[in-house]
Amino acid sequence: MDTMEITQQLQTRLQKNTSGEVLTDLASRGRYATDASIYQTIPISVFIPKTAQDIQAAIQIAQELAIPILPRGGGTSQCGQTTGAALVIDNSRHFRNLMDLNLADGYVDVEPGMVLDHLNQALKKHQVWFPVDVSTSGQATIGGMAGNNSCGSRSIAYGNMVHNVLGIDAWLSDGKVSSFGLMQDAAGRALKLGQFVQQLALEHHAEMVEKWPKVLRRVAGYNLDIFHNQNEKPYTEDGRVNLSHLLVGSEGSLAYFKKLRLKLAELPQQKTLGVINFASFYQAMDSAQHIVKLGPCAVELVDRTMIDLARTNPAFKKIIETGLKDPQAPTPEAILLVEFAGNDLSYLKQQLNQLVELMADLGMPGSVVEMIDPQTQKNLWEVRKAGLNIMMSLKGDGKPVSFIEDCAVPLEHLAEYTNALTEVFTKHGTRGTWYAHASVGTLHVRPILDMRRDGAAKMRAIAEEAAELVAKYKGAFSGEHGDGISRGEWIQWQFGSNINEAFRKIKNNFDPTNLFNPGKIIDTPKMDDQSLFRFPPSYKVIPIQTAFDWSSWNVQNNPLTEQTSAPGSGGDPANGFSKAIEMCNNNGHCRKFDAGTMCPSYRVTRDEKHVTRGRANTLRLALSSQLEESGLATAEVKEALDLCVGCKGCKRECPTGVDMAKMKLEFTHQYKAKHGYTLRDRLIGTLPKYAHWIANTPGLPSLFNFRNKNQGIANLLEKFTGISAQRKLPSWTKDTAFTRSFEEEFELTSLEELKNAHKPVVFWVDTFNGFFESQNIRAALAVLKAGGFSVHLLRKENGHYCCGRTFMSTGMMDQAKTSAKELLDVLMPITQQGIPIVGLEPSCLLSLRDEYLVMGLGYNAEELNQLANGSKLFEEFLFEEHQQGRLHLKLTEAKNTIQVHGHCHQKAMDTVKPLLDLLAIIPKANVQLIETSCCGMAGSFGYEVEHLEVSKQMAELSLLPSIRNQPDAIVVANGVSCRHQIHEGSEKQALHVAQVLAMHLQEKSFSTSVFSIN
Ligand SMILES: Cc1cc2nc3c(=O)[nH]c(=O)nc-3n(C[C@H](O)[C@H](O)[C@H](O)COP(=O)(O)OP(=O)(O)OC[C@H]3O[C@@H](n4cnc5c(N)ncnc54)[C@H](O)[C@@H]3O)c2cc1C
Ligand code: SF4
Ligand code: SF4
């Protein structure tokens, strides 16, 4: 049989004999071709099993067809161990259950696909946790962590994965399950395998003593030393041999984990944190050996480059600055985060004092920022955890590359080692950013290399020199992230050929047919084999003309200075679009479920296709002709982007700034330009154009609203337009905000008067509030008038000024640009006179600060920035005025709790806080932010028949349950589509903040007509 036939057989048999999903198309396989390393290999097939029987059957089928198997969790490995020409089996979708919790005996049994944070969330109420706290805790699965022998920031206190696994049930290559636990209890195949390895260990004892690095952080090769411990910390507390430890760190190459038994640790109730600010990096490194003597549970490094990078990221800036002695002063060369944990806060404070004294004794008095508040500590740890990702945000083809990133050296040599390695980098024309686990001598560092050009050669040269240093200081070459491809060839270097041969025998004995993840740990390829690179020499991007200006991504960088070249100079045939996509380094941070927005579609489907990473990979492969069809306007790209709601969650939360929302706009434009617009596109896109006609034609608003009352009409329209009959559409109001009566009613100021008026404001009415919810405009005007502002309502004869968002989202970029330009032309002179522009709808107003900057609208960056800065959401404007002491509203007391749902674009542009702050000026207001992702309506997305269910599921993740939990609360949602989703899902009428403030005005000058849907 040729390869095609075998693959076909695999697919047929898997489909016939299992309940799992088999993915054979190139795009799906491409999404599983990479982990967070520099490597890429398209798998033979991808399998998403639903049951344990599915996995067992898959192993047997693959064995019979001689197709290798690669187990996969979150795919966040850094060395290429989760890439391979194999049948990739994804545990993360369906094998994520906690199976058994035994608090009395201190263990928990879990399935391999369970994510660490989810496990710890479930354990929290029992005051216990699983303490191997890797930075990727929101994505890393327990199976993957065991596969890699992962290590957390607190390994000095708790050890590595191997120290915390008590047992593993695993399928061996014959498809049968064996239990690996204490050697004394072993039976059957597990016992035989254990005895075999024990004999090998005996034979190699002397050599192990000689060659094995004597540090906590050694994860290379197989753990032959479980029989003669060489680790700083014994693998078991009582010295008994546990055979599951042979599987830990085996990178999927020995067996397929079915169930893992993990040791629980008591959850410390209290923590204190000392953040030491160092004027010199060497001092920081040299101090670590003294600091660990105080008994901290973590000592983590963040260097100056990383602090500076964090300060340029809006999500991290304020947080990182809480750790600086003086945010106004030059950035320290390094900070060390020293954590003390336990249950007695007064003792922990004493430990913190001892740290302060120690630093004074070491000649650095006053260098410690002391943190007691748990939230401030937690926030800073989040930034530290995001360290690597922050570093990866460097634009250009030169990227920090992981290959010597976790060498571990004894602490007394740390300062010399880091100095020497820095010199190596300089010699090779690059530099590295240092961070992470100073407590255990494992400092992460990634030299910046251009893997498309001379990176491969430099990588080898630097690795060789780094290895010499590691040998000199008797350290471990692979101290955290495993071997994979980038370190596989160094196993023999580290342990010598005899022990390497022993590893081969272990592999052959466990897996005689080389079924599991071949080419890892044994017979590994060369680290610089360019045929395995994600960007091999053959990588070529096809040219495209883009609608948005992506030139700021189209740059190159200087690895020594990290300065980037001028926008547009990066040589990208796709004008910067492909370089923007290539910023995704596959770290998987978008596979998260906790706070924040990213990525709502993945939260619902858990499908790699529907996460930002999967989308970025699809786009990258499509633009580099690695899929069935090349280019943007293809079915494969469409499928991957279909459930992207354009929430901009990734724009803010993806550490490397992958802005998929904008990419989707670009895609939609390209796709529609090629394939044409549907009736629905036209109805939605051109709404701002025909809205006036409907609103001003007697009888028409009622006629259109009748659709909401008549299911037959709704069904008919669904058939022709694809707008779901199950949704009510926004109701046309007879009282639109685009009439003269508004100006007269509120005695608004004319534009001429405005310049000399008291507290002038230009109020811009958007399409949605203007036509469908003009009561919000009334409310906002009433509040502004009550605040003493002179308000000018922006209006236009026979129409209104529209931001162009509906055009943008339906791919009509030419019309979007025309609308945007028209609005800009009228706003620009206003903003240039320093008059603030205020609007209500986040997705409309915030376009001025986001999309407008890259739409090529004929204004320069300075002018656009001036406009962006001068355009405020209603709540931002009012709260700023309040802060400046210029807002004196007389408000009545709040009677109900106020729940707030932030619009995704508010979250992305960091404007939720002013909304909360503004509501808090209402006397006795109890304002609660609902932790939500996207509401699921997302403009027209939730109205579209094919997206209805996903849209509802998004809302049910946390938004609607939180609202139902508090029936008496007032709900504030500033987005028009959010209000609709809330109303449909909870029967509750969410309000724009303007309405809530207006309701609390002591002197009401308008009637509170609350938004309603007919
Ligand atoms: C930004 C960033 C930060 C990181 N920080 C840390 C850190 O602090 N500490 C750390 O140790 N690592 C860290 N890593 C590396 C990586 O996140 C961890 O090793 C993580 O534990 C891998 O989990 P995963 O689910 O993504 O595993 P995957 O990459 O999916 O798999 C890892 C290995 O385990 C094998 N495997 C997976 N499931 C099974 C199974 N069921 N049976 C047998 N083998 C299996 C795979 O074949 C593979 O070889 C980081 C990576 C990134 C990108
Ligand atoms: S899209 Fe962003 S968060 Fe997701 S994997 Fe890529 S870089 Fe990481
Ligand atoms: S814009 Fe939102 S839905 Fe789309 S990829 Fe980003 S986070 Fe996911």
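Visitor: How many residues surround ligand 1, and which are the closest?

Guide: In this predicted model, ligand 1 is surrounded by 37 residues, and the closest are Pro71, Thr76, Ser77, Thr141 and Cys151. A residue is counted here because one of its heavy atoms lies within 4 Å of the ligand.

Visitor: What makes the approach of Thr136 to ligand 1 a polar contact?

Guide: The limit for a pair of N or O atoms is 3.5 Å, and an N or O atom in the side chain of Thr136 is 2.7 Å from an oxygen atom of ligand 1, so the pair qualifies. Two backbone contacts pass the test as well: a backbone N or O atom of Ser135 lies 2.9 Å from an oxygen atom of the ligand, and a polar backbone atom of Glu251 is 3.1 Å from an oxygen atom of the ligand.

Visitor: How much of ligand 1 does the protein bury?

Guide: Taken alone, ligand 1 exposes 980 Å², and the protein buries 99% of that area. The elements that give two or more residues to the shell around this ligand are β3 (69–72), α5 (142–148), β10 (256–263) and α15 (387–391), and α5 gives the most, with 5 residues. By class, the shell holds 12 nonpolar, 22 polar and 3 charged residues.

Visitor: Which residues of helix α10 are buried, and what puts them on the same side?

Guide: The buried residues of α10, which covers residues 281–291, are Phe281, Ala284, Met285, Ser287, Ala288 and Ile291. They cover an arc of only 165 degrees around the axis, and therefore they lie on the same side of α10. An α-helix has 3.6 residues a turn, which means that residues three or four places apart point the same way.

Visitor: What caps the N-terminal end of α10?

Guide: The cap is Ser280, with a side-chain oxygen that lies 3.4 Å from the backbone nitrogen of Tyr282; since polar contacts reach to 3.5 Å, this pair falls within the limit.

Visitor: Why is the pair of Arg446 and Glu405 called a salt bridge?

Guide: A salt bridge needs a side-chain nitrogen of Lys or Arg within 4 Å of a carboxyl oxygen of Asp or Glu, and the closest N and O atoms of Arg446 and Glu405 are 2.7 Å apart, so the pair meets the condition. Arg446 lies in strand β18 (residues 442–449) and Glu405 in the loop between β16 (399–400) and α16 (414–427), so the pair ties together parts that are 41 residues apart in sequence. Both Arg446 and Glu405 are buried.

Visitor: How many salt bridges does the structure hold?

Guide: There are 61 in the structure. One of them joins Glu562 and Arg431, at 2.7 Å from N to O. Glu562 is in the loop between α18 (490–510) and α19 (577–581), while Arg431 is in the loop between α16 and β17 (432–437), 131 residues apart.

Visitor: Why does Glu562 count as buried?

Guide: A residue is buried under 20% relative accessible area, and Glu562 has 16%, so it falls under that limit.

Visitor: How do you know whether Lys458 and Asp454 are buried or partly exposed?

Guide: Partly exposed covers the range between 20% and 50%. Lys458, with a relative accessible area of 23%, and Asp454, with 40%, therefore both count as partly exposed. Their side chains meet in a salt bridge at 3.4 Å, N to O, which is within the 4 Å limit.

Visitor: What does the side chain of Gln556 contact?

Guide: Gln556 lies in the loop between α18 and α19, and its side chain makes a polar contact with the side chain of Asp397 at 2.9 Å. A polar atom of the Gln556 side chain also lies 3.0 Å from the backbone oxygen of Gly570.

Visitor: Which residues are closest to ligand 3?

Guide: Of the 13 residues that surround ligand 3, the closest are Cys599, Arg615, Cys644, Cys647 and Cys650. Helices α21 (612–623) and α24 (660–675) are the elements that give two or more residues to this shell, which by class has 9 nonpolar, 2 polar and 2 charged residues.

Visitor: What makes Val783 count as buried?

Guide: Val783, in helix α32 (residues 774–786), has 0% relative accessibility, so it counts as buried. Its C-alpha atom is separated by 9.4 Å from that of Met999, 216 residues apart along the chain.

Methods: Residues numbered from 1 in each chain as written. Chains lettered and ligands numbered in written order. Predicted model: local features only at pLDDT ≥ 70, side-chain atom pairs only at ≥ 80, totals over all residues. Heavy atoms only, no water. Buried < 20%, exposed > 50% of the residue type's maximum accessible area, 1.4 Å probe, protein only. Helix = DSSP H or I, 4+ residues; strand = E, 2+ residues; numbered from the N terminus. Arc of directions from axis to C-beta. Polar contact = N/O pair within 3.5 Å; in protein donor to acceptor, adjacent residues only side chain to side chain. Areas by Shrake-Rupley, 256 points an atom, 1.4 Å probe, with all protein chains shown as cover. Nonpolar A, V, L, I, M, F, W, Y, C, P; charged D, E, K, R; others polar.
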